[in-house]
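Me: I am new to this structure. Please pick one part, look at it closely, and then set it in the rest of the chain.

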Amino acid sequence: MVKSCWKPSVECDSRGCLDGLLWYKDLGQHVYGDFSMAVIQANSLLEDQSQLESGSLSSSRAGPYGTFAGVYDGHGGPQASSFINDNLFHNFKSFVSENQDMSINDLRKAFLTTEDKFLSLVRVVLGRSVRGTKEVMAMQLSTEHNASSDAIRDELRSLHPDDQQIVVMKHRVWRVKGLIQISRSIGDAYLKKAEFNKEPLLPKFRLPEPFQKPILSAEPSLLVHKLHPDDQFLVFASDGLWEHLSNQEVVKIVQTSPRNGIARRLVKAALKEAAKKREMRYSDLNKIDRGVRRHFHDDITVIVVFLDSHFINGSSYHDSPVSIKGGGRLAAAAAAAAVAGVD
């Protein structure tokens, strides 16, 4: 028996709308164009966190101006991703204010400062139009730091040449030390500092042998991409989307659909694929409550940031600051439940 979790009414405020387990902001404006956001919850506690900050990226109204978008895919609970959502941008803004300029090093320092306590990485896809056609090409801008990749396994083996068990196939999946698939994160202290690899950590997570250097890294993989006149939009999303839709499928949906509600449309497309894989109707999937729903799909977070050339080339821009945390009351409910100790 499944329990319906979708409310008949939609609750909206200036920051977005809540419809059962779905939160969305169909359309808003950032410094250089429009944006759309959506989040669907699958876990008992929402592990995905996200934000969009636009306007001055320093404490001065003089700028520099820009847009900061982040999607933080937590694992094992919402605490790390929530912490990042509350701190990463503020750390970045502090470094930009100190230097009175914005650089990739400010972002690196913000990540490493936040790592002192927490963080997680996701991937980003850019949609670029192909000149002379109506086609839009997907360009993946971020790197997946996952042990399923040959390159990542080679990287781990080169970093730990004396450890024959640095990557292990377990339950038909490559895992770092047989425990975790990712190779970079903020948090996961038990795989970075030996003093955390002991009680009260559960035995199933503890490594049987001591280690001398961190197994996981918090060093972010950073890429600078100079915007091109043909670059049309960026899609930031957690793994929950990419598990069901390819880069090109996502770009095609964004290209051929109205901007208004596009993030919600991508979430729906992923849910339809998830239902199809389980040979069930989409409408039946929507009746499954959080927690049980995780057996069908992960939390899904999507931010689509459109790049309007007349704003990017400096002729004009939206000067009203924007600060939105994805998930709205979904995330607030998760945080309250975590504080209360609710499973």
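Reply: Glutamate 209 is a good place to start: its relative accessible area is 32%, so the residue is partly exposed. Here buried means under 20% relative accessible area, exposed means over 50%, and partly exposed is in between, with a 1.4 Å probe and protein chains only. The model is predicted, so local features need pLDDT of at least 70 and side-chain atom pairs count only at pLDDT 80 or more, while totals for chains, interfaces and linings use all residues. Residues are numbered from 1 along each chain as its sequence is written, and side-chain values use heavy atoms, with hydrogens and water left out.

The close look centres on lysine 177, which counts as buried at 12% relative accessibility. Lysine 177 forms a salt bridge with aspartate 163, and the closest N and O atoms are 2.8 Å apart. Lysine 177 is in the loop between β10 (173-176) and β11 (231-237), and aspartate 163 is in the loop between α3 (150-159) and β9 (167-170), so this pair ties together parts 14 residues apart in sequence. A salt bridge is a side-chain nitrogen of Lys or Arg within 4 Å of a carboxyl oxygen of Asp or Glu. The helices (H or I, at least four residues) and strands (E, at least two) are DSSP runs, numbered from the N terminus. Aspartate 163 has a relative accessible area of 24% and is partly exposed.

Lysine 177 also forms a salt bridge with glutamate 209, where the closest N and O atoms are 2.8 Å apart. Both lysine 177 and glutamate 209 lie in the loop between β10 and β11, so the pair ties together parts that are 32 residues apart in sequence. Elsewhere, salt bridges with shared partners join Asp34, Arg259 and Asp308 into one network.

In that network, aspartate 34 forms a salt bridge with arginine 259, with 2.9 Å between the closest N and O atoms. This pair links distant parts of the chain, 225 residues apart: aspartate 34 is in strand β4 (residues 33-40), and arginine 259 is in the loop between α5 (247-256) and α6 (262-277). Aspartate 34 is buried at a relative accessible area of 14%, whereas arginine 259, at 29%, is partly exposed. The count of salt bridges comes to 15.

Another charged residue is glutamate 115, in helix α2 (residues 104-115). Its relative accessibility is 17%, so glutamate 115 counts as buried. Its side chain makes a polar contact with the side chain of lysine 192, at 3.1 Å. A polar contact is a pair of N or O atoms within 3.5 Å; within protein, one must be able to donate a hydrogen and the other to accept it, and residues adjacent in sequence count only if both atoms are side-chain atoms. Leaving aside residues up to four places away in sequence, glutamate 115 touches Ser185, Ile186, Gly187, Lys192 and Ala218.

The structure also holds 1 disulfide (a pair of cysteine sulfur atoms within 2.5 Å). Cysteine 12 and cysteine 17 form it, with their sulfur atoms 2.1 Å apart. The link is right-handed, with 110° about the S-S bond. Cysteine 17 is buried, at a relative accessible area of 14%.

As for the whole chain, there are 9 helices and 13 strands. Buried residues make up 48% of the 343 residues. Of the contacts (heavy atoms within 4.5 Å) between residues at least 6 apart in sequence, 64% join residues at least 24 apart.
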